[in-house]
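Let's take a friendly walk through this structure together. Have the sequence and the 3D view at hand as you read.

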Amino acid sequence: MAGLDEPRPAAAPWARMERVGQIVPYALEKLMKTTSFLDPHPETDDHHVCGCIQRAAERLQVRDVMAKHVFTIRPTDTIQTAAKLMSEHHISCLPVLDAGRFQGILAQRDVLAGSVDLEGAAAQCVRRDVPTIPPETGVLEAGRIMEARRTKWLPVLSEEQLAGIVTQTDIIGAITSLGRVIEVGAVMNTDVTTLDAAATVWDAIQTMTDQNISCIVAVHGGKMVGILTEKDVLGRVCAAGKDPHQTLVADVMSFPVTTVQPSHCLFTTHRMMDRMHVHRLVVTDGDRLAGIITQTDILRTLKETLWP
């Protein structure tokens, strides 16, 4: 595992542009050898297909899809150092190791909570009661744990040593390739929080914290003009040392906004998120803001489909 003063992997471990493409064929090959994946007969019904998909997915283990080369930090490293590392390498959390022993997780949201004192030690924001799993855990079970604990990642420990991280991206990438085509419109969240682009970043942080959300859509004159996420605040405000009380949403929001239509399928939408290193996409119907689709929405839908 790489600390901040040690050699690090050349590429971010959760930048899945190539990794998903590697996981899915491997998973399919493995599953085809161990189960009757899809009935070739035309009379195959949805119930049978879903049952075959469930049996196939149950054979996948976390060790098959997790990231094994993980960026880490020490408890004494600063919050700003952690923010820069997450921003530069498109990662949403960092395992914290002390003398090689796993201590907990520092997440984007934790960094925002500690943004007032960017030079403070990461130890003050570390989540120490995070759930952990062994490598042989099934991906469906890992998905259940993520949903129950409302987390997007799980540290994987083998003999009390950090073996890797498994994220929503890993699980969704492996399972959506096995699932039926489901449209974004059936899954998206239509309750979208908006904020004027002229508001301050501090206002945006308070809104996201109060509503327990990770992004807001920026509007001006009744039209969508951008999106501000926790990742944007982390990289463009916290890591840059800017004052959120004096920085406007318009100055750091992402634009133009990449959108999908309600008719897009979940697998294509997930691949878009993966290539762009994002966890959500805005859904538009023509010029109308229709909703937001997140990785959490996709994972919940897979859960309802595969383990109702």
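Which residue of β10 does Val 282 stand opposite? The partner of Val 282 is Ile 292. Please keep in mind that this is a predicted model.

## A three-stranded sheet

Val 282 and Ile 292 face each other across one of the pairings in the sheet. Strand β9 covers residues 280-285, and 6 bridges join β9 to β10 in an antiparallel arrangement. Another bridge pair to look for here is Leu 281 with Ile 293 of β10. The two strands make a hairpin with 2 residues between them. In that turn, Gly 286 has a positive phi of about 70°.

Now turn to the other neighbour of β9. Strands β8 and β9 run parallel and are joined by 2 bridges, with Thr 259 standing opposite Val 282. Val 282 therefore faces Ile 292 in β10 as well as Thr 259 in β8, and the sheet as a whole is open, has 3 strands in the order β8-β9-β10 and mixes its pairing. Why do β8 and β10 each have one side without a neighbour in the sheet? Both β8 (259-260) and β10 (288-294) stand at the edges with a single partner strand each, so one side of each is left free of a sheet neighbour.

## The helix on the sheet

Helix α11, made of residues 266-276, packs on this sheet and touches β8, β9 and β10. The direction of α11 makes about 130° with that of β9. As for β9, 5 of its 6 residues are buried, leaving the strand mostly covered.

How does the chain get from β8 to β9? The path leads through α11, giving a β-α-β crossover that is right-handed.

## Two helices elsewhere in the chain

Helix α4 spans residues 79-88, and its buried residues include Ile 79, Ala 82, Ala 83 and Met 86. Gln 80 and Leu 85 are buried in α4 too. An α-helix has 3.6 residues a turn, so residues three or four places apart point the same way. Just after α4 comes His 90, with a positive phi of about 55°.

Thr 207 belongs to helix α8, residues 201-211. Is Thr 207 buried or exposed? With a relative accessible area of 18%, Thr 207 is buried, since the cut-off for that is under 20%. The side chain of Thr 207 reaches the backbone oxygen of Asp 203 at 2.9 Å. Leaving aside residues up to four places away in sequence, Thr 207 touches Thr 193, Ile 213 and Ile 216.

Conventions: Residues numbered from 1 in each chain as written. Predicted model: local features only at pLDDT ≥ 70, side-chain atom pairs only at ≥ 80, totals over all residues. Heavy atoms only, no water. Pairing = 2+ DSSP bridges. Helix = DSSP H or I, 4+ residues; strand = E, 2+ residues; numbered from the N terminus. Contact = heavy atoms within 4.5 Å. Axes fitted to C-alpha atoms, helices over the stretch in contact; angles between N-to-C directions. Buried < 20%, exposed > 50% of the residue type's maximum accessible area, 1.4 Å probe, protein only. Right-handed = clockwise from strand over helix to strand, strands pointing away. Polar contact = N/O pair within 3.5 Å; in protein donor to acceptor, adjacent residues only side chain to side chain.
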